Amino acid sequence: SAALANQTVSPGLYQPIFGVAAAEATATIVNCIVGETGVAKTIAVMDADGNAVPLAGYGDLRVIIETLKPRKVDVQVIENDDLTIGGTDGNELSFQPDATVLAKEAQYSYAVRQVSTGKVLIQGPLIVGYAPEVDS
């Protein structure tokens with residue numbers, strides 16, 4: 001459905017996010033708003049042919065968000081119990097970046113890994129940007 005293919009990044013603004021799985025992994029951008037905590041980010045994992053990749057068969061998953069420069073340092077690690085798999089085909093993964101990640105405008109890297117093997121299922125940039133507000 002359209003609601004599953006789009007995610008809310010700010011009230012009234014929708015951004016489709018799609019990914020590619022395993023060996024076909026390419027950059028999948030996750031956009032966030034500074035200070036906007038409690039908003040789940042959802043990635044629809046698809047193969048190179050556009051087919052849904054069911055995530056249940058991969059067992060426990062982990063999302064790692066880390067800095068890009070000056071060196072790669074974990075900012076947040078989200079374990080399987082805090083991830084939600086959904087979607088009609090079980091190919092959608094939702095997670096919530098925390099206040100540390102969303103504290104300021106920044107660019108991070110993220111990866112979704114299979115815990116048992118360390119295999120990267122999908123990865124890409126996670127961008128935290130400013131959204132204009134009405135001046136008071």
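Biologist: Why are strand 5 and strand 9 called a pair?
Modeller: Two strands pair if DSSP finds at least two bridges between them; four bridges join strand 5 to strand 9, so the condition is met, and the two run antiparallel. Strands themselves are DSSP runs of E with at least two residues, numbered from the N terminus. A44 has E92 in strand 9 as its bridge partner. This is a predicted model, in which local features need pLDDT of at least 70 and side-chain atom pairs count only at pLDDT 80 or more, while totals for chains, interfaces and linings use all residues. Residues are numbered from 1 along each chain as its sequence is written, and side-chain values use heavy atoms, with hydrogens and water left out.

Biologist: What joins strand 8 to strand 9?
Modeller: Strand 8 (residues 84-86) is joined to strand 9 by three bridges in the antiparallel sense, with G86 standing opposite E92. The two strands form a hairpin with five residues between them, and G87 in the turn has a positive phi of about 85°.

Biologist: Why is T42 called buried?
Modeller: Buried means under 20% relative accessible area (1.4 Å probe, protein chains only), and T42, at 17%, is therefore buried. T42 is found in strand 5 (residues 41-46).

Biologist: What makes the approach of T42 to S94 a polar contact?
Modeller: The term covers a pair of N or O atoms within 3.5 Å, where within protein one must be able to donate a hydrogen and the other to accept it, and residues adjacent in sequence count only if both atoms are side-chain atoms. The side chains of T42 and S94 make such a contact at 2.7 Å.

Biologist: Which way do the residues of strand 9 point?
Modeller: E92 and S94 point one way, L93 and F95 the other way, and all are buried. In a regular strand the side chains alternate between the two faces of the sheet.

Biologist: What makes a set of residues a nonpolar core, and which members touch the most others here?
Modeller: Such a core is a set of buried Ala, Val, Leu, Ile, Met, Phe, Trp, Tyr and Cys residues joined through side-chain atoms within 4.5 Å. The largest one has 24 residues, of which L61, V63, I65, F95, Y110, V112 and L126 touch the most other members.

Biologist: How do you know that strand 6 pairs with strand 10?
Modeller: Strand 6 (residues 61-67) and strand 10 (residues 106-114) share seven bridges in the antiparallel sense, set against the required two. I65 stands opposite Y110 in strand 10.

Definitions and conventions
Buried < 20%, exposed > 50% of the residue type's maximum accessible area, 1.4 Å probe, protein only.
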